[in-house]
Amino acid sequence: MLHIICALKPEARPLLDHFELRARPGAARMYYNPATGISLTLSGIGQAAAAAAVTRTYTQFNADKTHAWLNLGIAGHTDLPVGQAVMINKVTDARSGQTWFPSRVFSVPLPCRDLITLEQPDANYRQELYDMECAGFFRAMSGQATLELVQPMKIISDNAGQSLATVTPALVRRLITQNLPVIKEVTGQLLSLSALLQQLEDPGPDYQALTRRHHFSVSQRHQLGALLRKWQALHPDDTSPTTRLRHHQTAAEVLRHLQAGLEQTPIRLG
Amino acid sequence: MIDQIYIEKAVLEHPRARAVMGRFPHATVTVCDRYGEIFNRKAQNFRLQKRKPALILAGKFANHVLPSPPEYAIGGAVNYYFSHMLNCIYDCRYCFLQGMYRSAHYVLFVNYEDFCQAIIEKIQAAGAASAHFFSGYDCDSLALDPVTDFVREFLPVFRRHPQALLELRTRSTQIRALLAQEPMPNCVVAFSFTPAEIAAAIEHKAPPVPKRLQALQRLQEHGWPIGLRFDPLIYQDGARQQYERLFGQVFDVVEPARLHSVSLGSFRLPKSFYRNLTRLYPDEVLFASPLEETADGMVAYRDSIRRELLSFCRDTLLNYVAEEKFFPCEAVITSNADTDHGVGVPTN
């Protein structure tokens with residue numbers, strides 16, 4: 001799953017349309033497409049709002065460390081052209097000085113810069129991008145998600161030559177829309193990383209089937225998960241050992257059978 | 001190769017840091033206070049980071065040289081290891097670094113001068129006793145040498161102190177810097193090997209066995225002492241025949257006169273590292289092997305397999321190698337789990 005956090009509706013509108021996100025019943029300012037596994041939450045302006053949006057989304061989707069997160073929005077910079085999409089290497093909270101270093105494990109053809117999150121809009125443009133949410137997003141994410149699955153992406157909306165006063169909702173919609181191809185690329189990469197982690201965490205359908213059929217204690221469930229993973233590693237073409245385990249009466253018998261089967265399997269690396 | 005460099009503020013102006021950055025002109029450079037801000041963070045995923053590791057340039061301010069586990073000794077009276085770098089460009093599935101570190105990024109400590117000073121102090125403290133220094137526990141000694149200039153900077157210390165010995169442990173074919181200088185009798189280039197079938201399956205991104213043998217041959221022709229490291233021994237169906245074939249291939253190339261030492265040890269890991277590895281790679285056949293916990297908190301092959309493979313390899317190797325050049329991991333050869341300790345298998 002991928003959760004996108006945007007501050008304002010003009011930033012979100014092109015994404016809601018493109019990813020066909022629909023309002024999630026009972027969850028204000030939250031949109032979702034179950035077919036693609038993408039959600040979008042509107043946070044409002046500021047760090048506290050961004051952090052609250054993360055928390056709300058986390059709870060709403062019962063998120064775990066396999067879920068990916070993207071903070072997408074506009075930012076200012078001294079000389080990058082308006083409309084330029086940028087990935088972020090370092091986020092600094094101007095108020096506290098606290099820093100975060102996003103960890104990106106995929107390539108995108110975009111410039112990468114540092115970003116400062118300010119309390120208020122500022123016309124003193126600098127070499128770092130500035131926004132008003134990103135530090136709040138990272139503060140709320142800390143420890144909640146796999147670092148490589150948490151990314152900020154910013155679109156330049158104003159610079160020293162084209163001030164914040166020129167930024168209108170229509171302009172923001174246009175800037176986001178014109179960057180949809182690269183946004184799609186980033187979201188695709190994040191979804192693919194999320195899917196890989198989900199696959200690695202998933203003990204598989206046999207685990208569900210067996211735990212439904214027999215009573216496994218907590219410790220036996222751990223053993224079962226570990227044995228089934230080993231089984232899958234050694235027998236990648238065996239789609240369902242459950243069928244052969246059908247006649248066993250107890251959880252202990254199932255575990256013994258799996259263990260014995262593994263013992264007899266030759267180890268062939270690669 | 002490197003798209004992202006993190007650099008500690010304190011080493012921004014260090015000449016080596018600047019030289020390394022100069023080799024990656026297109027990399028994005030991000031300044032940090034201490035490398036731990038990036039390297040030691042929680043919730044990182046080593047497997048994902050291995051897809052695109054960053055380079056972290058840092059300074060090391062203490063513990064430059066540490067005592068090495070006694071079972072890895074190759075005849076020295078006192079034994080130390082040092083790591084100018086953390087992590088490796090290869091991706092060997094058995095490597096303990098994956099279980100030990102939270103991050104797959106490469107950390108390069110650029111203050112070689114402090115490492116060299118610490119080495120000299122240890123040599124002087126050892127007096128007449130032979131002091132051995134091992135590089136390659138936390139990284140491959142040579143794999144990034146064209147970037148790090150490790151050989152060019154560290155070997156002069158040992159040239160000036162012939163009573164001490166340096167082991168460079170590697171799987172790499174990056175030997176240009178060694179070929180560019182006079183060989184030293186007190187610097188052993190120790191190549192790690194597993195049989196070609198096993199290397200192809202689990203030593204991802206490492207040079208294939210024939211390439212390593214070519215590098216070994218060129219170095220010994222140039223006059224460098226050679227070490228052979230069969231550690232970790234990896235078990236699979238047909239492992240005996242595969243190791244027998246490997247030893248044959250290796251000793252077809254190695255000249256006995258240039259051979260400094262041979263060592264071997266079984267695959268083993270601290271339990272906590274093993275747990276981390278199986279979380280990262282639940283789909284890996286290696287971790288579905290017949291492994292078990294030992295009494296001292298390690299995970300190793302079931303005792304029967306471990307003894308059998310070690311005995312076979314020891315006996316076969318002793319057909320090629322004089323006993324005085326053979327340095328098995330003693331605890332493993334005697335199969336006495338109680339004496340087997342250490343952090344895990346050296347990286348290279």
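Two strands pair if DSSP finds at least two bridges between them. Strands (E, at least two residues) and helices (H or I, at least four) are DSSP runs, numbered from the N terminus.

This is a predicted model: local features need pLDDT of at least 70, side-chain atom pairs count only at pLDDT 80 or more, and totals for chains, interfaces and linings use all residues. Residues are numbered from 1 along each chain as its sequence is written, while chains are lettered from A and ligands numbered from 1 in the order in which they are written.

**Exercise 1. Describe the eight-strand sheet of chain B and locate the partner of B:His132.**

Step 1. Start with the order. The sheet is open and runs S4-S5-S9-S10-S11-S13-S14-S18 in chain B, with mixed pairing.
Step 2. Find the edges. Strand S4 (65–67) and strand S18 (326–328) of chain B each pair on one side only.
Step 3. Take the twist. From one strand to the next, it averages 25°.
Step 4. Zoom in on one pair. Strand S9 (residues 131–135) and strand S10 (residues 165–170) of chain B run parallel and are joined by four bridges. Opposite B:His132 stands B:Leu165 in S10(B).

**Exercise 2. Map the pairings of strand S6 (residues 85–93) of chain A.**

Step 1. Recall the principle. Strands of a sheet pair through backbone hydrogen bonds, either parallel or antiparallel.
Step 2. Take S10. S6(A) pairs with strand S10 (residues 150–158) of chain A in the antiparallel sense, over three bridges. A:Met87 faces A:Met153 there.
Step 3. Take S8. Strand S8 (residues 112–117) of chain A runs parallel to S6(A), with six bridges. A:Ile88 has A:Arg113 as its bridge partner in S8(A).
Step 4. Take S7. Two bridges link S6(A) to strand S7 (residues 99–100) of chain A in the antiparallel sense. A:Thr92 stands opposite A:Thr99.
Step 5. Check the hairpin of S6(A) and S7(A). Five residues lie between the strands, and A:Gly97 takes a positive phi near 80°.

**Exercise 3. Characterise the packing of H5(B) against H7(B).**

Step 1. Get the geometry. Helix H5 (residues 112–126) and helix H7 (residues 150–160) of chain B pack at about 20°, with axes 10 Å apart. Axes are lines fitted to C-alpha atoms, for helices over the stretch in contact; angles run from 0 to 180 degrees between N-to-C directions.
Step 2. Classify the angle. H5(B) is therefore roughly parallel to H7(B), a label for angles under 35 degrees.
Step 3. List the residues. B:Tyr112, B:Cys116, B:Ile119 and B:Ile120 of H5(B) meet B:Glu153, B:Phe154 and B:Val157 of H7(B). Contact requires C-beta atoms, placed from the backbone, within 7 Å.
Step 4. Sort by class. Six are nonpolar, none polar and one charged. Ala, Val, Leu, Ile, Met, Phe, Trp, Tyr, Cys and Pro count as nonpolar, Asp, Glu, Lys and Arg as charged, and the others, Gly among them, as polar.

**Exercise 4. Which elements give two or more residues to the side of chain B that touches chain A?**

Step 1. Count the contacts. 29 residues of chain B are in contact with 28 residues of chain A.
Step 2. Name the elements. They are strand S2 (28–32), helix H2 (36–39), helix H3 (46–49) and helix H9 (196–202) of chain B.
Step 3. Rank them. H9(B) gives the largest share, four residues.
Step 4. Sort by class. This side of chain B has 13 nonpolar, seven polar and nine charged residues.

How values were computed: Two residues are in contact if their C-beta atoms, placed from the backbone, lie within 7 Å. Angles under 35 degrees count as roughly parallel, over 145 as roughly antiparallel, 65 to 115 as roughly perpendicular and the rest as oblique.
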